[in-house]
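Before you load this one into your viewer, here's a quick tour of its backbone geometry and a couple of its helices. Have a look at the sequence and model, then work through the notes.

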Amino acid sequence: MAVETKVSREDEFRQAEHEIYPPSPEVVAQANVKDYDAVVKQAREDLAGFWAERASELEWFAPWDKVLDESNKPFYKWFTNAKVNIVYNALDRHMKTWRKNKVALIWEGEKGEQRTFSYFRLWQEVNKFANILKSMGVHKGDRVTIYMGRVPELPMAMLACAKVGAIHSVVYGGFSVEALHTRIMDSESKLVITCDGGFMNGKIVELKKIADEAIQRSPTVENVIVVKRTGHEVNMEAGRDLWLHDLMNLPIASTKCETEVMDAEDPLYLLYTSGTTGTPKAILHTHGGYMVGIHTTLKWVFDLKDEDRWWCAADPGWVTGHSYIVYGPLLCGATSFMYEGAPTFPYPNRWWSLVEKYGITVLYTAPTAIRGLMRFGEAWPNRHDLSSLRLLGSVGEPINPEAWKWYHRVIGKKRCPIMDTWWQTETGMFMITPLPVVPLKPGSGTFPFPGVEAEILNEEGTPVGPDEEGFLVLTRPWPAMLRTIYKDPDRFVRQYWTKYPGKYMTGDSARRDADGYFWIIGRVDDVIKVSGYRLGTAEIESALVSHHTVAEAAAIGLPHEIKGTAIYTYVILRQGSVPSEELAAELRQHVGHELGPIARPEKIEFVTKLPKTRSGKIMRRVLKARAQGLPEGDLSTLEE
């Protein structure tokens, strides 16, 4: 089955190269950027001038000396010595305009509850939250771990941290104990903000219980703030755990709070992403450049207007949520919609009913969600009036042309261009993406964003020809780029900047067609993307080996019809343990407990040996080829 999927997918992408969807005159007429070639030319010829112009659309406490400081490559600095705070631009500055009374956020819970926040009310709530943080001794530079479901208090917590100059580290609410614990320990967080639980597919996700287990082994944590969401009974440890609603009613929670003046290069947040080793790495983003990058990309790519209703259907726990649920829309003064639950609960029309109910104009989601909803056919979306939609978007992994066309035809009714964006936790902002005026090809991210330069290189570092696969690299710095890996600058240089000195190694493979359109193929390192989420093979293997029956394990990603990629694992058992269906189920459950349900393997195959190099490295490409019945390639480095 996997072989057919692989072959048909490749053919599907090749055919899509010759299909072009030009923008309609209506789309061009209202686009924020009409002359695409002119902005690309401007950015290419004067990078600093281009980004200075974009930065001047926002407010700064003090101006920059220099737009881009390249004196200590690859530790680039942007808008040097400028003073700013991203929250001032996301909230405070709107208090001086009519937007003060505009709706900033509309939220619906999985059970149907609704909450709405104007910019003024959101500003007040964030100020109160920020004052609570201060009362708990959270200062500039302190780290705060946030582990929550999709509720409005999650963006409020992030904004409150940034307002007082603290560094937030958001951990996706689908991660389990070990993943949360390692992130709390690495960041040395003094405060954890969580919920009693969350709702997903009609069930309670035990967030507080998981947080308790992780904090038990985290000596740096002094306090825990708990948001009441589900109302079910949870453990509250005296002297450590406090309910947010109680704190919000105390005199300390004043609605007035000065925004901390930050340097443009001061850290804003840490976000952990899977690497090729077992330890997740903390990507560090800063206030100034990140703010300019996400404001510009959201405004241009999704053409946001004051009357829009923007829905980024990701989770705030991932970079997509940081950039384009929390910070980007507020910087643009947009109205955002946030939904707590699953796309198919209680029925497969939940999303389409929400688009109709709230008049969503721009929808941004992942190919996995699109493929998952496609399975239920066209009748479900066709029951709803989706005429409010004017633009669609895709994020997280390459979208296969079949899903792209379904999304365009069934959801967009052939009139909504699809902005297919490629970027990473590390890049902070869209990197390869169309603007609405660019002719589209199903499954292609089209071209680099103005100011971004990308190349596709072979192993030796030479650019490949048209339609040849190679390593995707970025050749010019951009303002929202990661500044370092927290506490590990050597790893930052080694991982991203050494394979091709002076060029940023993305870890993805790609090709460019004869028209210059970029087609992302997938990861080249030992990272598996499941439903758009990055998981390191080493993390999955470590979780398996931590089970008392497992001696050794290997994890690979194989093509999957819905998820894009599924986790397939090989396990060597310890002496005395016997392979069985029951044990395989137990191991899958164990990985889910250690890392979260997203990491649960699709299949566990028991083996007696693994293909390894003479130096002992598992040859995952051989396992992948075997699983799909494909040629195994050069085996000269194989141990036996």
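What follows is a short briefing on two helices and some backbone spots worth checking. Keep in mind that this is a predicted model. Helix α7 has 12 of its 12 residues buried, while α16 has 8 of its 11 residues buried. As for the backbone, there's a cis bond between lysine 73 and proline 74 and another between phenylalanine 345 and proline 346.

**Helix α7**

- α7 covers residues 153-164, and its 12 residues reach 16 Å from the first C-alpha to the last, close to the 16 Å expected at 1.5 Å a residue.
- The helix is mostly covered, and the buried set takes in charged residues such as Glu153 and Lys163 along with Leu154, Met156, Leu159 and Val164, among others.
- Pro155 and Cys161 are also among the buried residues of α7.
- Right after the helix comes glycine 165, with a positive phi of about 85 degrees.

**Helix α16**

- α16 runs over residues 401-411 and is mostly covered too.
- Its buried residues include the aromatics Trp404, Trp406 and Tyr407.
- Pro401, Ala403, His408, Val410 and Ile411 are buried in α16 as well.
- Just past this helix, lysine 413 takes a positive phi of about 50 degrees.

**Cis peptide bonds**

- Most peptide bonds are trans, so a cis one deserves a look.
- The bond joining lysine 73 and proline 74 is cis, with omega at about 0 degrees.
- Proline 74 sits in the loop between β1 (66-69) and β2 (77-80).
- The bond joining phenylalanine 345 and proline 346 is cis as well, with omega at about -5 degrees.
- You'll find proline 346 in the loop between β17 (335-339) and α13 (350-358).

**Positive phi outside glycine**

- Most residues other than glycine have a negative phi.
- Glutamate 188 isn't a glycine, yet its phi is positive at about 55 degrees.
- That glutamate 188 lies in the loop between α8 (177-187) and β8 (191-195).
- Is glutamate 188 buried or partly exposed? Glutamate 188 is partly exposed, with a relative accessible area of 38%.
- Lysine 487 is another non-glycine with a positive phi, near 65 degrees.
- Lysine 487 belongs to the loop between β23 (484-485) and α17 (489-497).
- With a relative accessible area of 47%, lysine 487 counts as partly exposed, because that value falls short of the 50% cut-off for exposed.

Conventions:
Residues are numbered from 1 along each chain as its sequence is written. This is a predicted model: local features need pLDDT of at least 70, side-chain atom pairs count only at pLDDT 80 or more; totals for chains, interfaces and linings use all residues. Side-chain values use heavy atoms; hydrogens and water are left out. Helices (H or I, at least four residues) and strands (E, at least two) are DSSP runs, numbered from the N terminus. The expected span of a helix is 1.5 Å times one less than its number of residues. Buried means under 20% relative accessible area, exposed over 50%, partly exposed in between (1.4 Å probe, protein chains only).
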